[in-house]
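Take a moment to look over the structure below before reading on. We'll walk through it piece by piece.

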Amino acid sequence: MKEFKDKVLVVTGGGRGIGRAIAVEAAKRGMKCVVNDIDGDAARSVVAELKALGTEAVAQEADISLYENIEALLKLTLDTFGRVDILCNNAGCAVSGPIWELPKRDIDWIAELNFLSHIYGMKVFIPQMIKQGTPCEIINTESTAGLMTSGKATMYHCTKAAGVAASESVYMGLKEHGYPITVHCLVPAYVKTTIHLADLHRPERYKMNDDPYYTSEEYKAGQIRSERGVMSGIEDWYVGEAVFTAIEDEKFYIFTHPESQVIAQGRVQRLASGVNPMLG
Ligand SMILES: NC(=O)c1ccc[n+]([C@@H]2O[C@H](COP(=O)([O-])OP(=O)(O)OC[C@H]3O[C@@H](n4cnc5c(N)ncnc54)[C@H](O)[C@@H]3O)[C@@H](O)[C@H]2O)c1
């Protein structure tokens, strides 16, 4: 896709960070935007920002890890703008800590938001894109964490690796069927956003409770690691620009950090040689 003017972009978790940056780049190119976020004030504030840039935009305040809210997002998009051209499955959270110590609620929260909501997004929006018959793009925000593993943030690695696999598989399936729909896999490393504060945006059913894990040293260390990483990252506007460059250049993987390819190569080498990950 090279022409964006008057086309429609939908972004989940668009109230701040990478989602907001993508929406701003879309608006600069004359796209109309639908901005989902569980934080309604954040979504509405981005919509005001996009309107100030001269485009039409609408907000959806909803937890996008619930299937019915993704169906409602499609309905809002069609009722408002009549079509969809770019879907960004972007909303996500970060959870640190080893699986055996994490409360089950955290495992479910991150699996539903980081992985299932991206699958649900494709499941709900692709039939509309097929019906339209127009060239469409899907951007799945995954992570360099999906190309590597570590003993920390295990669930984050798991969900992002699953998202990478889903992006590749859906891309291939769409091409095999000859549909003019392209999937892109956005794999940033650290970006200066507020993802280390993801606990503030938990859906009601996953709110933190009195589980001792949330006052443990393990939890606190994870929070510190996450904040330090994010603060060392690149600016989010760079990611927004990279997304549109990749769409124009028809790139499947959107690498925003040069080190990502080296990380991916290291993993492939370990896979090929059967080396213990700790030694690789
Ligand atoms: N920041 C990084 O270093 C980094 C690196 C790689 C990948 N990512 C990925 O980028 C994506 C965006 O994260 P970010 O860094 O911009 O974080 P962010 O926390 O700044 O923004 C995420 C937005 O998603 C919203 N959100 C959270 N739960 C939601 C839900 N259930 N439904 C709808 N919206 C919800 C939040 O309110 C927030 O506005 C995530 O998928 C994340 O995993 C981030």
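What follows is a short tour of the sheet, the ligand and two residues with unusual backbone angles.

First, some ground rules: this is a predicted model, where local features need pLDDT of at least 70, side-chain atom pairs count only at pLDDT 80 or more, and totals for chains, interfaces and linings use all residues. Residues are numbered from 1 along each chain as its sequence is written, and side-chain values use heavy atoms, with hydrogens and water left out.

Let's start with the sheet. It is an open one made of 7 strands, and if you trace across it you'll meet them in the order β3-β2-β1-β4-β5-β6-β7, with parallel pairing. Strands here are DSSP runs of E with at least two residues, helices are runs of H or I with at least four, and both are numbered from the N terminus. Two strands pair if DSSP finds at least two bridges between them. At the edges stand β3 (57-61) and β7 (253-255); each has a single partner strand, so one side of each is left without a neighbour in the sheet. For a close-up of one pairing, look at β1 and β4 (residues 86-89), which run parallel over 3 bridges. There, L9 has I86 in β4 as its bridge partner.

Now for the ligand. It is surrounded by 28 residues, and the closest are I18, D37, Y156, V191 and T193; a residue counts as near if one of its heavy atoms lies within 4 Å. Three side chains make polar contacts with the ligand, meaning pairs of N or O atoms within 3.5 Å.

| Side chain | Ligand atom | Distance |
|---|---|---|
| D37 | oxygen | 2.5 Å |
| D63 | nitrogen | 2.8 Å |
| T194 | oxygen | 2.9 Å |

How much of the ligand does the protein bury? Taken alone, the ligand exposes 830 Å², and the protein buries 98% of that (areas come from the Shrake-Rupley method with a 1.4 Å probe). The elements that give two or more residues to the shell are α1 (17-28), β2 (32-37) and α5 (154-176).

Finally, meet two residues with a positive phi, though neither is a glycine. D6, in the segment before β1 (8-11), has a phi of about 70 degrees. A153, in the loop between β5 (136-141) and α5, has a phi of about 50 degrees. Are they buried or exposed? D6 is partly exposed, with a relative accessible area of 44%, while A153 is buried, at 17%. Buried means under 20% relative accessible area, exposed over 50%, and partly exposed in between (1.4 Å probe, protein chains only).

Methods: Polar contact = N/O pair within 3.5 Å; in protein donor to acceptor, adjacent residues only side chain to side chain.
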